[in-house]
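Got the viewer open? Here is a short tour, one selection at a time.

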Amino acid sequence: MPTNSINTNAQAAVALQAMNATGRELQASGAVIATGKKIASAKDNGAVWGIATNQKAEANALGPVMDSLSRARSAMDVALAAGEAGVDILTKMKTIAVAGMDTSLTQKERMSMHGDYDTLRNQFAALTQNAEFDGINFLIGTGTTSFLADTSGQTLDVVHQNMDYTPFTPGPVNQLRGWSVDRENMRDEVLREISGTLEAVTAALANLGTTAQQIDAQITLNSKIKDTLEVGVGNLTDGDLAKESAKYQALQTRQGLAAKALAIANAAPQWIANLFRS
């Protein structure tokens, strides 16, 4: 049987401990509701917090990778659009070259055709020169431009397809030279050159198209990895707010009951004092 004493109030101590414990739980539950996270710092759960922090860092590191690949895709889109427009121009040039094979044409007609051919050739040159995005032009030069592929430093390399040319200077088949459509004795050279150029340009565009698929696939992969990491971090650290809300209300009720129990326990010495009243 418990001892009635005015020096030691065991019931009050128990009630106070219960109220303090409930207060700590209320504080923790309130923090989850306020932040939406059950693990907001290392002191909540060091091991889980460390795993979540590393995953979050990996997800954030994918940001620059995605930016780099987005630059690659944009530059590739510009190059492919310009290249396809260039194919249309070359197709028109070939049509003129084939028409120039007609030996019945007059010199005046050939001069007119040559003007059209020369205009188209200049348009093709301007098109390849201007197919640039953020300083990158995949239609000029023979070098390679590298872009970040993942957070480990791996790269995705894009080989430039040289569609540039120097007018009136002999060179590879993909370089348009200054053959004159208006000169009957050069009509074979004109047709051979434009046909070779058209084949070379379509092959170059096919190469760029394959690389464009690789860029898109890498972007899709990194996007999925980033989403998975972010979901993983959420699964580790996010709180169940519906469950936490119900728990918070229950704790408030417990705290109220503990306060009443403490009040009752603190009133016990008064009963003893009443025994000594006359």
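How do the residues lining the largest pocket divide into nonpolar, polar and charged? The lining has 5 nonpolar, 3 polar and 7 charged residues. Keep in mind as you go that this is a predicted model.

**Stop one: the pocket.** Its volume is about 310 Å³. To find the centre, select Ala28, Ala31, Val32, Lys38 and Asp44, the closest to it of the 15 lining residues. Now colour helix H1 (10-35) and helix H5 (241-275): each of them supplies at least two residues of the lining. H1 gives the largest share, with 6 residues.

**Stop two: helix H3.** Select residues 107-130 and put a distance between the end C-alpha atoms: they are 35 Å apart. That agrees with the 34 Å that 24 residues should span, because each residue is taken at 1.5 Å. Next, show the side chains of Arg110, Met113, His114, Tyr117, Leu120, Arg121, Phe124, Ala125 and Thr128, which are buried in H3. While you look down the axis, recall that an α-helix has 3.6 residues a turn, so residues three or four places apart point the same way.

**Stop three: the hairpin.** Select strand E1 (residues 144-148) together with strand E2 (residues 155-159); the two run antiparallel and are joined by 5 bridges. For one pairing to zoom in on, pick Ser146, whose bridge partner in E2 is Asp157. Then move to the 6 residues between the strands and click on Gly153, where phi is positive, near 100 degrees.

Terms used:
Residues numbered from 1 in each chain as written. Predicted model: local features only at pLDDT ≥ 70, side-chain atom pairs only at ≥ 80, totals over all residues. Heavy atoms only, no water. 1 Å grid on protein atoms, 1.4 Å probe; cavity = no way out; pocket = protein on both sides within 12 Å on 5 of 7 lines; lining within 4 Å. Points joined across faces, edges and corners; volume = space filled by probe spheres on them. Helix = DSSP H or I, 4+ residues; strand = E, 2+ residues; numbered from the N terminus. Nonpolar A, V, L, I, M, F, W, Y, C, P; charged D, E, K, R; others polar. Expected span 1.5 Å × (residues − 1). Buried < 20%, exposed > 50% of the residue type's maximum accessible area, 1.4 Å probe, protein only. Pairing = 2+ DSSP bridges.
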